[in-house]
Amino acid sequence: MIKYEILKRIHEVGVVAVVRAESTEKAKKIALACMDGGVDSIEITFTVPGAHKVIEDLTNEFGDKLLVGAGTVLDSETARIAILSGAKYIVSPAFDLETAKLCNRYQIPYMPGCMTIKEMITAMEAGADVIKVFPGSAFGPSFISAIKGPLPQASLMPTGGVSLDNVDQWIKNGCIAVGVGGNLTKGTSEDMTKAAKEFVNKVREARGK
């Protein structure tokens, strides 16, 4: 898949499931449940032991039906391992220039975590495709409107603090998508599918669709 197609799919659904699973089996369970609910973007965090293997297994099994990305990527070495394992996008808790360069080299979307306007401008100048507003819980949805004042061109995706109660506000204030962890990926498969459907519907409603 080319970069444009990956970003377009993430934007269309508007929800990325942030997965901290201890095994491929658990990650697969979450992926299937989220896919059944309409969320086809899964971020496997590198806090998970053997995360690259989980990414590889999910990519081999689902192909382009599932957008598997890598999260908590702290450096370019980890980013390269993730990309070679099949990751379609790279998400970091903070901006890293060498990771940005690597992702641009291989045309893989890069989503670094930023909190200040200066960090966001630095990341955008280095070619970051989406700014991960992190932790989103620190300020809440109103922070997005404040960012959009001086940076209307910024593509923003909050992670942390996103729930069914406020996801519509994140979207209405200008986010292209949201990253959701425990509020989406906990419980039974039925719970996760139900939550995924509710998040997707809330995003659509917030966009007036």
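Helices here are DSSP runs of H or I with at least four residues, numbered from the N terminus. With that settled, start the tour at Thr 78, which sits in helix α4. Keep in mind as you click around that this is a predicted model.

**Stop one: Thr 78**

Is Thr 78 buried or exposed? The cut-off for buried is under 20% relative accessible area, and Thr 78 has 17% relative accessibility, so it counts as buried. Show its surroundings and, neighbours within four places in sequence aside, you'll find Phe 46 and Val 73 in contact with Thr 78.

**Stop two: strand β5**

Now select residues 110-114, which is strand β5. Five of the five residues are buried, so this strand is largely enclosed by the rest of the structure. Turn on the side chains: Tyr 110, Pro 112 and Cys 114 point one way, while Met 111 and Gly 113 point the other way.

Which strands does β5 pair with? Add residues 90-92 first. That is β4, which runs parallel to β5 and is joined to it by three bridges. To find your place in the pairing, look for Ile 90, which stands opposite Tyr 110. Next add residues 131-133, strand β6, which pairs with β5 in the parallel sense over two bridges. Here the residue to click is Val 133 in β6, the bridge partner of Cys 114. To follow the chain from β5 to β6, show helix α6 (residues 117-125); the β-α-β crossover through this helix is right-handed.

**Stop three: helix α5**

Go back to β4 and bring in residues 97-105, helix α5. Together β4, α5 and β5 make a right-handed β-α-β unit. Which residues of α5 are buried? Colour Thr 99, Ala 100, Leu 102 and Cys 103. Then look down the axis of α5: these buried residues fall within an arc of 165 degrees, so they line one face of the helix. What covers them includes α4 (76-84), β4 and β5, so to speak the company you've already met on this tour includes α4, home of Thr 78. Before you leave, step just past the end of α5 to Gln 107, where phi is positive, at about 55 degrees.

**Stop four: the rings**

Switch to the aromatics. How many aromatic pairs are there? The count comes to two.

For one of them, select Phe 95 and Tyr 110. The ring centres are 6.4 Å apart and the planes make an angle of 45 degrees, so the pair is tilted. Phe 95 lies in the loop between β4 and α5, and Tyr 110 is in strand β5, so the pair ties together parts that are 15 residues apart in sequence. Check the accessibility of each partner: Phe 95, at 25%, counts as partly exposed, whereas Tyr 110, at 0%, counts as buried.

Then move on to Phe 139 and Phe 143. With ring centres 4.5 Å apart and planes at 25 degrees, this pair is stacked. Phe 143 has 16% relative accessibility and counts as buried.

While you have rings on display, pick Phe 134 too. Lys 132 lies over the face of this ring, at 4.4 Å from the ring centre.

**Stop five: Asp 64**

Select Asp 64, in the loop between α3 (51-62) and β3 (67-71). At 42% relative accessibility, Asp 64 counts as partly exposed. Which residues is Asp 64 in contact with, leaving aside its neighbours within four places in sequence? Display Met 1, Arg 9 and Lys 88. Try a distance label as well: the C-alpha atoms of Asp 64 and Ile 6 are separated by 9.7 Å, although the two residues are 58 apart along the chain.

**Last stop: strand β1**

Finish with residues 15-19, strand β1. Five of the five residues are buried, so β1 is largely enclosed by the rest of the structure. Both faces are covered, with Val 15, Ala 17 and Val 19 on one side and Val 16 and Val 18 on the other.

Centre the view on Ala 17 and look both ways. In β8 (residues 178-180), which runs parallel to β1 and is joined to it by three bridges, the bridge partner of Ala 17 is Val 180. In β2 (residues 41-45), also parallel to β1 and joined by three bridges, the bridge partner is Ile 42. To get from β1 to β2, trace the chain through helix α2 (residues 24-36), a β-α-β crossover that is right-handed.

Definitions and conventions: Residues are numbered from 1 along each chain as its sequence is written. This is a predicted model: local features need pLDDT of at least 70, side-chain atom pairs count only at pLDDT 80 or more; totals for chains, interfaces and linings use all residues. Side-chain values use heavy atoms; hydrogens and water are left out. Buried means under 20% relative accessible area, exposed over 50%, partly exposed in between (1.4 Å probe, protein chains only). Two strands pair if DSSP finds at least two bridges between them. A crossover is right-handed if, with the strands pointing away from the viewer, the path from the first strand over the helix to the second runs clockwise. The arc is that of the directions from the helix axis to the C-beta atoms. Contact means heavy atoms within 4.5 Å. Rings of Phe, Tyr and Trp (its six-membered ring) pair if their centres lie within 6.5 Å; planes under 30 degrees apart count as stacked, over 60 as edge-to-face and the rest as tilted. A charge sits over a ring if NZ of Lys or CZ of Arg is within 6 Å of the ring centre and within 35 degrees of the ring normal.
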